[in-house]
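Trainee: Please take me through the features of a model step by step, giving the general idea before each case.

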Amino acid sequence: MKIKAPAKINLTLDVMRRLPNGYHELKTVFQAVDLCDELKFKSNDSRDIGITSNSDQIPLDENNIAYKAADLLREKYGVEKGIDIHIEKKIPVAAGIAGGSTDAGATFKALNEIWELSLSQEDLMKLGTEIGMDVAFTIMGGTALGTHFGEKLEPIKNKLELNIITVTPELAVFTKEAYEGLDLAVINQNSAKTDRAVKAIEAGDLSGLIENLHNDFEQSIILQHPAISEIKEKMIELGALGSLMSGSGPSVFGVWEDEKEAEKAVGILKKKYRQTFLAKSV
């Protein structure tokens, strides 16, 4: 079986509050885009899970997130079969656009069929949260409002087709970095923007969505990595209606109204940023 694993962007991202356990509650609008990895699955007779990839940036052992997803299914449902998984990477690694989570989501979906487990989407999404908080969304796909840690999802009826460019600079940004220096009293004022963004998406109101794009993590990350701000400014200069960092970075995306303008902008951005991709919302 072959299956495509779409990346995601965060059209909005609110850090709502810090919980007593030290984790932060989030509110975000997820959007799947057609920048995809491709995973190939083939049964084997060894009862082992084998991982191969065209990328040397991901582990090929039990630390690989697709391996973890396959292993969890085998353990939970007593599967005594082997599987070889080849991951053809196109989505940048550790980039804030779910490049790992989507491989896990694709593995859950594919093996549910290959191993004839007959699990519902809801069942798979619950399993996904045991691997990572973004995995549930990659199983659902489309457009969704995520709350709690991002794993509680409500689908959004999206009337917009977005022309998107993603740029991933050669930066290492760690989640801990993203939370450091956040002023929750200031950023909590942004949560109303997420509600307005959802209404704009459902109404097919592109300008309304653009007005409400925001990511609370920009407050701390851009101070540490000004290159992110430079990419945002360049996108606007090249015709983007709006530009935003996705997740905890370092990827930045821009939204273009005109597809041809977006195609021109990709060519220009790619000269400076190797990991530049043109995509559409899914």
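Mentor: Let us begin with a term: helices here are DSSP runs of H or I with at least four residues, and they are numbered from the N terminus. The model before us is predicted, and we can start with helix H10, which covers residues 226-237.

Trainee: How far apart are the end C-alpha atoms of H10, and what span should its twelve residues have?

Mentor: The expected span of a helix is 1.5 Å times one less than its number of residues. For the twelve residues of H10 that gives 16 Å, and because the end C-alpha atoms lie 17 Å apart, the two values agree.

Trainee: Which residues of H10 are buried, and which are exposed on the other side?

Mentor: The general idea is that an α-helix has 3.6 residues a turn, so residues three or four places apart point the same way. In this helix the buried residues are Ile228, Ile231, Lys232 and Met235, and because they fall within an arc of 100 degrees when seen down the axis of H10, they line one face of the helix. Please note that a lysine, Lys232, is among the buried residues, where buried means under 20% relative accessible area. Glu233 and Glu237, on the other side of H10, are exposed.

Trainee: What do the buried residues of H10 pack against?

Mentor: Their partners are two helices, H9 (218-224) and H11 (259-272), together with the strands E7 (163-167), E9 (242-245) and E10 (252-256).

Trainee: What should I look for in the backbone, and which residue with a positive phi follows H10?

Mentor: Most residues other than glycine have a negative phi, and most peptide bonds are trans. After H10 comes Gly239, with a positive phi near 110 degrees. Ala94 is not a glycine, yet its phi is positive at about 50 degrees; this alanine sits in the loop between strand E4 (82-88) and H2, and it counts as exposed because its relative accessibility is 63%, the cut-off being over 50%. Ser118, likewise not a glycine, has a positive phi of about 55 degrees, lies in the loop between H2 and helix H3 (121-128), and at 69% relative accessibility counts as exposed too.

Trainee: Which peptide bond is cis, and where is its proline placed?

Mentor: The bond from Gly249 to Pro250 is cis, with omega near 5 degrees, and Pro250 belongs to the loop between E9 and E10.

Trainee: Which residues lie closest to the centre of the largest pocket?

Mentor: A pocket is an open space, whereas a probe that fits in a cavity cannot get out. The largest pocket holds about 1100 Å³, and of its 42 lining residues the closest to the centre are Gly96, Asp134, Thr175, Ser248 and Gly249. Strand E2 (24-44) is one of the elements that give two or more residues to this lining, and its four residues are the largest share. By class, the pocket lining divides into 21 nonpolar, 17 polar and four charged residues.

Trainee: How many cavities of 30 Å³ or more are there, and which element gives the most to the lining of the largest cavity?

Mentor: There is one such cavity, with a volume of about 30 Å³. Helix H2 gives the most to its lining, with four residues, and the lining residues include Lys4, Thr102, Lys109 and Thr138. Three nonpolar, three polar and two charged residues make up that lining.

Conventions. Residues are numbered from 1 along each chain as its sequence is written. This is a predicted model: local features need pLDDT of at least 70, side-chain atom pairs count only at pLDDT 80 or more; totals for chains, interfaces and linings use all residues. Side-chain values use heavy atoms; hydrogens and water are left out. On a 1 Å grid over the protein atoms alone, a cavity is a set of points where a 1.4 Å probe fits but cannot get out, and a pocket is an open set with protein on both sides within 12 Å along at least five of seven lines; lining residues have an atom within 4 Å of a point. Grid points are joined across faces, edges and corners, and a volume is the space filled by probe spheres set on the points. Ala, Val, Leu, Ile, Met, Phe, Trp, Tyr, Cys and Pro count as nonpolar, Asp, Glu, Lys and Arg as charged, and the others, Gly among them, as polar. Buried means under 20% relative accessible area, exposed over 50%, partly exposed in between (1.4 Å probe, protein chains only). The arc is that of the directions from the helix axis to the C-beta atoms. Contact means heavy atoms within 4.5 Å.
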